[in-house]
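The following exercises concern helix packing, burial and backbone geometry in one protein model. Each task is followed by a solution in steps.

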Amino acid sequence: MKDKNPIFRSLAMIEEKIQEKLTVEMLAEDIHFSKYHYQRIFRETVGETVMGYVTRRRLFLAAEDLAGTGDSVLAIALKYGYDSHEGFTRSFKTYLGITPTEYRKYHSDIGFPGAKKEESAMMNSKSTDEMIRELNNLIVQAKETAADTRKQKGVTGDSAAIYAQAWEFASKRAEKMAEELKEVLECVTSLTQGTDEISARFLIVKAVEDAAFEASVTAFQVGLMIARAMPEHRSEFRPLYEKYDRLAQTARIRSGKIVDFLNELSAAIFHDMRENATKKIQDAMKAGIEAVEKLSDPSLPYGYIADGVREITEELDTLPLEEVTVYFLEDIVFRMETILFAADMDILRAPQHKQLFDGISNFKEKLDEAAEFFRNLSGEAPGTIVGMKKGSEIKRTAEKMYSDLAVQEGILLFYLKGEIQKLGNAHLDEGQKAALNAVCNKMDRAVRLARNATDERDGCEIKELLHEAYEEMMGEAEKLDVYGGAIRYLAEEMKNIICCFLQL
């Protein structure tokens, strides 16, 4: 299959002529493509530009020669098409983060950016390559600092043994830092080879930040040792302290860069968080459905509770994850507390039905877990998962007002449905049932409008619906006389809420 792909034939030709002068025109002509078409197809197939790939392959092969032969840096540079030692060194350091000489000395500890790209449309992240370069540079600096420490000349006198031990300690700390960073480098490399573990990214951040902290501590300890030295020794030891200080500064700077690069790779982290958030919501919905099933016996007066739970479950099901907010979850948790209270009252009146209400507590528990998960999201995760946008504080304040109104009205609607069911045929004729159900429909429309309200027109429509519902409820309460006390109370509470939230 590869042999039939013209780009793979082109890759083979690049390998064959890698030490020769290559141009895009020459490579395109070889497979009978136009220059434009060749460059487009090459990038789609390989994941980088034609000459970018050629440069990387040349540097990769040059790195192999540096590690495996005794040829001079200049000879290797000329072999792979560079005109000078300086040009090759500049290109090599730009790509690997270290010089050819440093690579030759420490190649077993170094990572090579994008080493697995050939013949693959899978492209290593630019951020990953940058992290490899930063780590390469830091590893070499730590190794060089350790080596320079071991070269430190001893001093004579009673303090000689103390200084020797101090420098040995410092060099071992620098070597330990290099080894730890090498492990980080391997972890970073694994991210480009399909090991997409979320925890690995956090471990990388922790390891790099730990290394930077330890470097600072070591620099402090070396500086302290020098400060305690005899005056005649301080100037002699000063350059050594400066090396550790530079190492610490570099570690801090590069750790910050690596964290930034990891942030650019955070899509996988957010994906994992999205999956967890989705599972929390789905678990809650499942518990809600189970609770509704237990309460759906039409012969029992608990349909209003089942309806309340069903409504919350349906809201969870229909709202896209990006629009789920802490406000929303806290609102429905509050509504569930109201439903739980009503259920507890019904259990007191009919304890033989207690087992029918077991699912409600489980549903409330799952909702609490989901709300807590969203509260605990840190950094930029909430913005990605729950749809909270920076700079939208004013809009969010208005949304919160309408959201609170929706919750309050939803509670009144819930209890109104329950009261209609409790009054039943014994106290309501068909006309009264129809009138009260019409009130429920208006309140339901008002609640839905409030949940999605965006401007003043929505507020006016909500106001009109609730005023109509209030008047109709008061009218029906009067007809019911002594049996209309609960309906009247709900109507008055609705009037209070209207005045509070809509300033009527």
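A crossing of two helices is called left-handed if the near helix is turned anticlockwise from the far one by less than a right angle, and right-handed if clockwise. The model treated here is predicted.

**Exercise 1. Overall composition**

Task: State how many helices and strands the protein has, and what share of its residues is buried.

Solution. Step 1: the secondary structure comprises 20 helices and zero strands. Step 2: of the 504 residues in the protein, 48% are buried. Step 3: among contacts between residues at least 6 apart in sequence, 72% join residues at least 24 apart.

**Exercise 2. The pair α18 and α19**

Task: Determine the relative direction of α18 and α19 and the hand of their crossing.

Solution. Step 1: helix α18 covers residues 430-451 and helix α19 residues 456-480; their axes lie 9 Å apart, at an angle of about 155°. Step 2: angles over 145 degrees count as roughly antiparallel, and α18 and α19 are therefore roughly antiparallel to each other. Step 3: their crossing is left-handed. Step 4: on the α18 side, the residues in contact include L436, V439, M443 and L449, while those of α19 include I462, L465, L466 and M473. Charged residues take part as well, among them K442 and R445 of α18 and E461 and E472 of α19. Step 5: by class, this contact has 13 nonpolar, one polar and eight charged residues.

**Exercise 3. The pair α13 and α14**

Task: Carry out the corresponding analysis for α13 and α14, with their direction and the hand of their crossing.

Solution. Step 1: the axes of α13 (residues 303-318) and α14 (residues 326-349) come within 10 Å and cross at roughly 165°. Step 2: the cut-off for roughly antiparallel is an angle over 145 degrees; α13 and α14 are therefore roughly antiparallel to each other. Step 3: the crossing of α13 and α14 is left-handed. Step 4: α13 contributes Y304, I305, G308, V309, E311, I312, E315 and L316, and α14 contributes residues including F328, I332, R335 and M336. Step 5: the contact of α13 with α14 divides into 12 nonpolar, one polar and four charged residues.

**Exercise 4. From R335 to Q408**

Task: Locate Q408, classify its exposure, and relate Q408 to R335.

Solution. Step 1: Q408 belongs to helix α17, residues 393-427. Step 2: its relative accessible area is 30%, so Q408 is partly exposed. Step 3: Q408 and R335 are separated by 73 residues in sequence, yet their C-alpha atoms are 8.5 Å apart.

**Exercise 5. Burial in the first helices**

Task: Identify the buried residues of α1 and describe the setting of T45 in α3.

Solution. Step 1: in α1 (residues 6-16), the buried residues are I7, F8, S10, L11, M13 and I14. Step 2: their cover includes α2 (24-30), α3 and α4 (50-68). Step 3: T45 lies in α3, residues 35-46. Step 4: with a relative accessible area of 16%, T45 is buried. Step 5: the T45 side chain reaches the backbone oxygen of I41 at 2.9 Å.

**Exercise 6. Positive phi in loops**

Task: Are H32 and D481 buried or exposed, and what is the phi of H32 and of D481?

Solution. Step 1: H32, which is not a glycine, has a positive phi of about 60°. Step 2: H32 lies in the loop between α2 and α3 and is exposed, with a relative accessible area of 72%. Step 3: D481, also a residue other than glycine, has a positive phi near 55°. Step 4: D481 is found in the loop between α19 and α20 (485-502) and is exposed, with a relative accessible area of 52%.

Terms used:
Residues are numbered from 1 along each chain as its sequence is written. This is a predicted model: local features need pLDDT of at least 70, side-chain atom pairs count only at pLDDT 80 or more; totals for chains, interfaces and linings use all residues. Side-chain values use heavy atoms; hydrogens and water are left out. Axes are lines fitted to C-alpha atoms, for helices over the stretch in contact, and angles run from 0 to 180 degrees between N-to-C directions. Helices (H or I, at least four residues) and strands (E, at least two) are DSSP runs, numbered from the N terminus. Angles under 35 degrees count as roughly parallel, over 145 as roughly antiparallel, 65 to 115 as roughly perpendicular and the rest as oblique. Contact means heavy atoms within 4.5 Å. Ala, Val, Leu, Ile, Met, Phe, Trp, Tyr, Cys and Pro count as nonpolar, Asp, Glu, Lys and Arg as charged, and the others, Gly among them, as polar. Buried means under 20% relative accessible area, exposed over 50%, partly exposed in between (1.4 Å probe, protein chains only). A polar contact is a pair of N or O atoms within 3.5 Å; within protein, one must be able to donate a hydrogen and the other to accept it, and residues adjacent in sequence count only if both atoms are side-chain atoms.
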